[in-house]
Amino acid sequence: MSEQNRAAQRAVPEQLERMLATEVSLRSRLRHVAVGLAGGCGAAMIAVLWATESNALPTRTQAAFAGLIAIGLAWAVFAGWVLSRRRPLFARDRVLSARITLAATVVTALAGVALAAVRGSTADLVATAAGGAVFIAAAVLALVRARRRRRELLRLRDALRQDAP
């Protein structure tokens, strides 16, 4: 290690160094690889199933397949974006993943409620709407927590930059 690297290493506050190590750790990267593979493989499987269907599928089924493929591709693109970054994201990835989750949850809940309204009883409609509301509330909570964590990290980064010589 050169003298210049040692001097640069000493200039990084320990708290910031720990935080940065966590964000770019192997565990974090492997988690994003798993997310990307799950999303990409899920989208590919549904696309193959759709493409190899011998008869024309009903419009509702085609819409459901298209939605599921879009959700899978969104997760694959998200993972690719995170893995392509070679620097800490300061929880930006968490905010983006929470937004994807919220969008997918809202679309799924609305589709479920619409389907229950058309084909089910009143009890089915109420149960589907209640379940959708619970999932949407959980997704909103995840987004709020992710945004709060990002604000905390950015505040810490700014504070550490001001304290650095």
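The legends below describe several close-up views of a predicted model.

**View 1. Helix α4 packs against helix α5.**
Two packed helices are described by the angle between their axes and the distance between the axes. For helix α4, which covers residues 59–84, and helix α5, which covers residues 92–119, the angle is about 170 degrees and the axes are 10 Å apart. Because angles over 145 degrees count as roughly antiparallel, α4 is described as roughly antiparallel to α5. On the α4 side, the residues that meet α5 are Arg-60, Ile-71, Ala-74, Trp-75, Phe-78, Trp-81 and Val-82. On the α5 side, the contact is made by Arg-92, Asp-93, Leu-96, Ser-97, Ile-100, Thr-101, Ala-104 and Arg-119. By class, the residues of this contact of α4 with α5 divide into 9 nonpolar, 2 polar and 4 charged.

**View 2. Two non-glycine residues with positive phi lie in the loop between α4 and α5.**
Phe-90 is found in the loop between α4 and α5, and its phi is positive, at about 50 degrees, although Phe-90 is not a glycine. Ala-91 has its place in the loop between α4 and α5 as well, and the phi of Ala-91, again positive in a residue other than glycine, is near 70 degrees. Are these loop residues buried or exposed? Phe-90 has a relative accessible area of 12% and is therefore buried, and Ala-91, with a relative accessible area of 2%, is buried too.

**View 3. An edge-to-face aromatic pair links helix α3 with helix α4.**
A search of the whole structure finds 2 aromatic pairs, and one of them is formed by Trp-50 and Phe-65. The centres of these two rings are 6.1 Å apart and the planes stand at 75 degrees, so the pair is edge-to-face. This pair links distant parts of the chain, with Trp-50 in helix α3 (residues 26–51) and Phe-65 in helix α4, 15 residues apart. Trp-50 counts as partly exposed because its relative accessibility is 28%, whereas Phe-65, at 16% relative accessibility, counts as buried.

**View 4. Trp-75 and Phe-78 form an aromatic pair within helix α4.**
The rings of Trp-75 and Phe-78 are 5.7 Å apart, centre to centre, with 90 degrees between their planes, and this pair is edge-to-face. Both residues lie in helix α4, where they are 3 residues apart, about one turn of the helix. Phe-78 counts as buried, since its relative accessibility is 5%. Trp-75 and Phe-78 are also among the α4 residues that meet α5, which connects this view with the helix contact of View 1.

**View 5. Helix α5 packs against helix α6, and both contribute to the largest nonpolar core.**
The axes of α5 and α6 are 9 Å apart and meet at an angle of about 170 degrees, which means that α5 is roughly antiparallel to α6. The contact of α5 with α6 comprises 17 nonpolar, 5 polar and 7 charged residues. The largest nonpolar core has 6 residues, namely Val-95, Ala-98, Leu-102, Ala-139, Leu-143 and Ala-146. The elements that give two or more residues to this core are α5 and α6, the latter spanning residues 122–163. Which residues does Ala-98 contact, leaving aside its neighbours within four places in sequence? Ala-98 is in contact with Ala-142, Leu-143 and Ala-146.

**View 6. Thr-105 in helix α5 touches residues distant from it in sequence.**
Thr-105, which has its place in helix α5, is buried because its relative accessible area is 16%. Not counting residues up to four places away in sequence, Thr-105 touches Phe-135, Ile-136 and Ala-139, and Ala-139 is one of the residues of the largest nonpolar core. From C-alpha to C-alpha, Thr-105 and Leu-57 are 24 Å apart in space, with their places 48 residues apart in sequence.

**View 7. Ala-130 and Leu-141 are found in helix α6.**
Ala-130 lies in helix α6 and is partly exposed, with a relative accessible area of 40%. The C-alpha atoms of Ala-130 and Thr-52 are separated by 36 Å, and these residues are 78 residues apart along the chain. Leu-141 is likewise found in helix α6, and at 52% relative accessibility Leu-141 counts as exposed. The C-alpha atoms of Leu-141 and Ala-98 are separated by 9.0 Å, although the two residues are 43 residues apart along the chain.

Note on methods:
Residues are numbered from 1 along each chain as its sequence is written. This is a predicted model: local features need pLDDT of at least 70, side-chain atom pairs count only at pLDDT 80 or more; totals for chains, interfaces and linings use all residues. Side-chain values use heavy atoms; hydrogens and water are left out. Axes are lines fitted to C-alpha atoms, for helices over the stretch in contact, and angles run from 0 to 180 degrees between N-to-C directions. Helices (H or I, at least four residues) and strands (E, at least two) are DSSP runs, numbered from the N terminus. Angles under 35 degrees count as roughly parallel, over 145 as roughly antiparallel, 65 to 115 as roughly perpendicular and the rest as oblique. Contact means heavy atoms within 4.5 Å. Ala, Val, Leu, Ile, Met, Phe, Trp, Tyr, Cys and Pro count as nonpolar, Asp, Glu, Lys and Arg as charged, and the others, Gly among them, as polar. A nonpolar core is a set of buried Ala, Val, Leu, Ile, Met, Phe, Trp, Tyr and Cys residues joined through side-chain atoms within 4.5 Å. Buried means under 20% relative accessible area, exposed over 50%, partly exposed in between (1.4 Å probe, protein chains only). Rings of Phe, Tyr and Trp (its six-membered ring) pair if their centres lie within 6.5 Å; planes under 30 degrees apart count as stacked, over 60 as edge-to-face and the rest as tilted.
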